[in-house]
Amino acid sequence: MAGEDEMKAVRQIEEALENESLSSAAGKIQEYLKKIKDVKLNIAITGESGSGKSTFINALRGLGDEEEYSAPTGVVETTQKTTPYQHPKHPNVQMWDLPGIGTPNFKPETYLQQVEFERYDFFIIVSSDRFRVNDVNLAVKIQEMKKSFYFVRSKIDGTINAEQERKKNFNQDETLENIRKNCVEGLRDHGLESPQVFLISSFKLPLYDFPKLVETMEKELPDHKRHVLMLAIPNISLKINQRKKETFQANIWRSALASAYVAVIPIPGLSIAVDIVILVREIRMYYQAFGLDNESLQSLAYRTKVSVEDLKAVLKSPLNKEINKDVIINMTTKIAGASIILAEYFLSTIPVLGSMAAGGMSYGTTYYLLKRCLDELAEDAQNVLMKALKADE
Ligand SMILES: Nc1nc2c(ncn2[C@@H]2O[C@H](COP(=O)(O)OP(=O)(O)OP(=O)(O)O)[C@@H](O)[C@H]2O)c(=O)[nH]1
Ligand SMILES: [Mg+2]
């Protein structure tokens with residue numbers, strides 16, 4: 001299993017750090033980094049016709065319903081076969097639009113085999129009202145196959161609006177609680193013990209339970225898949241922003257160690273003992289994951305009706321202008337003094353690095369630089385979100 005592979009890889013790296021030379025440890029980490037780049041995440045979205053599967057898939061990919069690569073949505077039945085949709089920026093992440101379990105040609109008994117269940121990391125079962133016995137049967141079967149599932153009650157914005165119009169003393173929290181209770185009771189009636197239901201509007205992803213759903217999926221995924229999820233999930237709430245930051249921070253040591261490897265095998269012409277290529281690649285990845293690229297800002301502006309100019313006005317980090325070798329080298333030379341102190345700190349935490357001055361230096365500098373860039377970009381992204389979300393409420 002992939003999760004065990006990961007644990008094995010980390011253990012090997014740790015052992016190498018304790019017993020062997022730095023270059024051997026760093027060699028292993030490079031292998032691991034290469035492997036991690038190929039990690040795939042396959043998410044299955046299923047539910048009755050018209051429940052909002054395709055719309056949810058588009059929202060998960062940070063797309064509207066009418067863009068070039070969007071899943072077709074509409075009032076007529078559209079999903080009749082299993083269709084993969086790639087994440088526009090992370091092709092390793094695929095959302096699968098599955099026909100509902102009650103669709104002609106699909107029988108409840110053979111549904112999971114028909115949609116090739118082995119392929120998916122987990123299932124999201126969508127319903128726009130009460131969950132049916134079919135949904136529960138499916139969940140039970142998914143469980144038997146040792147996969148996980150999440151119930152999503154969709155189109156919450158519509159339900160809330162209708163309630164608001166109908167009731168004189170409308171209370172949103174109370175209404176949400178009632179919908180949740182209703183769904184949970186329905187699932188219990190059909191025999192599911194302690195189901196969890198997430199209330200979601202694909203038109204208003206930051207509101208309601210979407211951030212909680214992300215948090216739950218993240219918690220339940222193995223480490224290497226979690227990283228991929230946090231790269232791909234749209235950065236639409238302060239909570240998600242924070243989780244992205246934490247996930248990436250937990251991975252910095254890997255890049256730093258890979259950079260140390262490069263430093264002990266000197267590259268002609270590179271005076272600073274840091275692998276710039278690794279730095280540029282990682283920082284670009286943060287930038288995209290935080291949704292600071294032009295396309296993401298445009299789409300956020302469109303959704304929240306805040307102008308792109310207003311969003312860009314809160315950006316402070318120079319990284320928002322350009323992320324290339326020169327910018328990074330410039331930052332590296334500026335912090336050279338600080339990194340020596342830091343390198344010493346890291347040498348004391350990872351003794352084996354001490355035996356290679358250049359490796360230690362590189363480890364410290366890379367770690368420090370990545371951490372600093374991550375902090376800067378996370379903060380910029382947070383400010384952009386605060387600006388946008390204020391207008392969205
Ligand atoms: N108000 C509201 N409408 C939604 C939401 N999600 C989907 N809809 C609408 O519900 C209708 C059906 O959505 P789809 O995403 O096409 O549903 P589907 O589950 O893919 O349907 P099939 O492909 O027929 O199985 C469309 O008109 C959507 O615009 C939502 O979060 N809020
Ligand atoms: Mg559809």
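**Exercise 1.** Is Asp375 buried, partly exposed or exposed? Place its salt-bridge partner as well.

*Solution.* A word on the ground rules before we start. This is a predicted model, in which local features need pLDDT of at least 70 and side-chain atom pairs count only at pLDDT 80 or more, while totals for chains, interfaces and linings use all residues. Residues are numbered from 1 along each chain as its sequence is written, chains are lettered from A and ligands numbered from 1 in the order in which they are written, and side-chain values use heavy atoms, with hydrogens and water left out.

Step 1: recall the classes: buried means under 20% relative accessible area, exposed over 50%, and partly exposed in between (1.4 Å probe, protein chains only).

Step 2: Asp375 has a relative accessible area of 24%, so this residue is partly exposed.

Step 3: look for the partner. Asp375 forms a salt bridge with Lys371, with the closest N and O atoms 2.9 Å apart; the term asks for a side-chain nitrogen of Lys or Arg within 4 Å of a carboxyl oxygen of Asp or Glu. Lys371 is partly exposed too, at 26% relative accessibility.

Step 4: consider the spacing. Lys371 and Asp375 are separated by about one helical turn because they lie four residues apart in helix H17 (residues 357-392). Helices (H or I, at least four residues) and strands (E, at least two) are DSSP runs, numbered from the N terminus. An α-helix has 3.6 residues a turn, so residues three or four places apart point the same way.

**Exercise 2.** Find the residue that forms a salt bridge with Glu48, and say which parts of the chain the pair links.

*Solution.* Step 1: the partner is Arg132, and the closest N and O atoms are 3.2 Å apart.

Step 2: the pair links distant parts of the chain, 84 residues apart. Glu48 sits in the loop between strand E1 (41-47) and helix H3 (53-60), and Arg132 in the loop between strand E4 (122-127) and helix H5 (133-144).

Step 3: check exposure. Glu48 is partly exposed at 39% relative accessibility, as is Arg132 at 36%.

Step 4: widen the view. Asp129 joins Glu48 and Arg132 in a network of salt bridges, and the whole structure holds 17 salt bridges.

**Exercise 3.** Describe how helix H9 (residues 223-232) is set into the structure, then how it crosses H8.

*Solution.* Step 1: count the buried residues. Eight of the 10 residues of H9 are buried, so this helix is largely enclosed by the rest of the structure. Among them are His224, His227 and Val228.

Step 2: the axes of H9 and helix H8 (residues 210-220) come within 8 Å and cross at roughly 155°. Axes are lines fitted to C-alpha atoms, for helices over the stretch in contact, and angles run from 0 to 180 degrees between N-to-C directions.

Step 3: H8 and H9 are therefore roughly antiparallel, given that angles under 35 degrees count as roughly parallel, over 145 as roughly antiparallel, 65 to 115 as roughly perpendicular and the rest as oblique.

Step 4: name the residues in contact (heavy atoms within 4.5 Å). H8 brings Val214, Met217, Glu218 and Lys219, and H9 brings Arg226, Leu229 and Met230.

**Exercise 4.** Classify the packing of helix H6 (residues 156-166) against helix H7 (residues 172-189).

*Solution.* Step 1: their axes lie 11 Å apart, at an angle of about 125°.

Step 2: H6 and H7 are therefore oblique to each other.

Step 3: Ile156, Thr159, Ile160 and Glu163 in H6 meet Gln172, Thr175, Leu176 and Ile179 in H7.
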